[in-house]
Amino acid sequence: MLAPVPRPPGSLAVRCSRALLSPRSRLSMLALLLLSAAALVVLYEPQRLLATGWPPQTSGAGAVLLFGLAYGVCTAAFVPRPVLNLAAGALFGSAAGLTAALAGTVLGAGIAFTLGRLLGQDALRPMVRGRWLTAADGQLSRHGFRSMLAIRLFPGVPFAAANYCAAVSRMGYVPFLVATGLGSVPNTAAYVVAGAQAGEPGSPAFLFSAGFIVLSGLAAAVVAWRKRHGLRAPAPVTAPEPEPETAVGAAR
C-alpha cells in the first residue's frame, strides 16, 4: 500500500487559510459585521421601545436581564446609549433600569472591544499616523484606565467609537471594562432617572437629571475644545545651542 504523499508547505489550502486570517481579511470581516448590525438596527428600530414598551410576555428579573443583553448588542451596533437609557428608566424604573443599563453598557463595551482587538487591531495599528491619532493612541496605551474613565465621565466621544479606538490601542481588558463601568454611572443614572420621571417633567428628580445632562454636555464641549486647541498649538521652537569655540578660534 502506497503511503500518502504529504502536501507541500505552499499548497492551496495553506495559502487560502493565511489569506483568510490576514489582518486585512479580519478587518473586512469586522466591517461586514458592523454593517450587518447597523442594517438590523435600522430594520427593527429598537428605539420603538420608548413608544410601545416591553413585550408583555416577559416581566420581572427575566425582563431586566433580557433588556441588558439586548442593550449590550445594540450599543455594539452603534445604537445611541441615551435612547436605551431613557427606555430602561421608562420600562423598569430608576433602580432596575440603572442595573440593566449599566450591565448592558459593560457588556456592549466588552463585545466591541473584543471584536476590534481580534479583527481590527493588526490591520489598523499601522495606520495610526498624524498628530491627533498618535496622541490618542499614546494616551490610551500609556494611561488606559485614567483616559477611559475621563472619556466615560465626559460624554463627548461616541460610545462605540471610544470602544473600537481603545481596542486598536494597547489598553488591557480589565482597565477598559472597570473604567467603563465606573465612569458610565453618573451619566447613565441621569438618563435613566429622566426616563423614569418622564411622566412628571416638573418633578425635582427629572429637573435634576435634565440639568446634570446639560451641564455634563457643556463640560464635555469645553474639555474637547481645550484639547483641540492644545493639539493645534505649534510646538515651541527651541533656540539652537551655540557651538563651542574651536582651538583656532580660542587662539585668535
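**A chat about a helical chain**

Analyst: Let me begin with one residue in this predicted model: leaving aside its neighbours within four places in sequence, Asn 187 is in contact with Pro 155, Phe 212 and Ser 216.

User: ok, and where does Asn 187 sit?

Analyst: Asn 187 has its place in helix H10, a helix that covers residues 185-196.

User: is Asn 187 buried or exposed?

Analyst: Asn 187 counts as buried, because its relative accessibility is 8% and the word buried is used for anything under 20%.

User: what about Thr 188, which helix is that in?

Analyst: Thr 188 also lies in helix H10, and this residue is buried, with a relative accessible area of 0%.

User: so what does Thr 188 touch?

Analyst: If we do not count residues up to four places away in sequence, Thr 188 touches Arg 81, Asn 85, Leu 98, Ala 101 and Leu 102. In addition, the side chain of Thr 188 reaches a backbone oxygen, the one that belongs to Ser 184, at 2.5 Å.

User: switching to the outside, which residues make the nonpolar surface patch?

Analyst: The patch is made by Phe 145, Tyr 173, Val 174, Val 178 and Leu 182, and together these residues give a nonpolar surface of about 450 Å².

User: and which helix gives the largest share of it?

Analyst: That is helix H9, which spans residues 173-183 and contributes four residues, the largest share of the nonpolar patch.

User: take Val 174 from that patch, why does it count as exposed?

Analyst: Val 174, which lies in helix H9, counts as exposed because its relative accessibility is 60%, and exposed means over 50%.

User: now the whole chain, how many helices and strands are there?

Analyst: The chain has 12 helices and zero strands, so if you read along the sequence you meet the pattern α-α-α-α-α-α-α-α-α-α-α-α, where helices are runs assigned by DSSP.

User: how much of the chain is buried?

Analyst: Of the 252 residues in the chain, buried residues make up 31%.

User: and the accessible surface, what does that come to?

Analyst: The accessible surface of the chain comes to about 15800 Å², and 71% of that surface belongs to carbon and sulfur atoms.

User: last one, how many of the contacts join residues at least 24 apart?

Analyst: If we take the contacts in the chain between residues at least 6 apart in sequence, then 77% of them join residues that are at least 24 apart.

Technical notes. Residues are numbered from 1 along each chain as its sequence is written. This is a predicted model: local features need pLDDT of at least 70, side-chain atom pairs count only at pLDDT 80 or more; totals for chains, interfaces and linings use all residues. Side-chain values use heavy atoms; hydrogens and water are left out. Patches are made of residues with over 30% relative accessible area and no salt bridge: like charges are joined within 9 Å, nonpolar side chains (Val, Leu, Ile, Met, Phe, Trp, Tyr) within 5 Å. Accessible areas come from the Shrake-Rupley method with a 1.4 Å probe; for residues, only the protein chains shown count as cover. A salt bridge is a side-chain nitrogen of Lys or Arg within 4 Å of a carboxyl oxygen of Asp or Glu. Helices (H or I, at least four residues) and strands (E, at least two) are DSSP runs, numbered from the N terminus. Buried means under 20% relative accessible area, exposed over 50%, partly exposed in between (1.4 Å probe, protein chains only). Contact means heavy atoms within 4.5 Å. A polar contact is a pair of N or O atoms within 3.5 Å; within protein, one must be able to donate a hydrogen and the other to accept it, and residues adjacent in sequence count only if both atoms are side-chain atoms.
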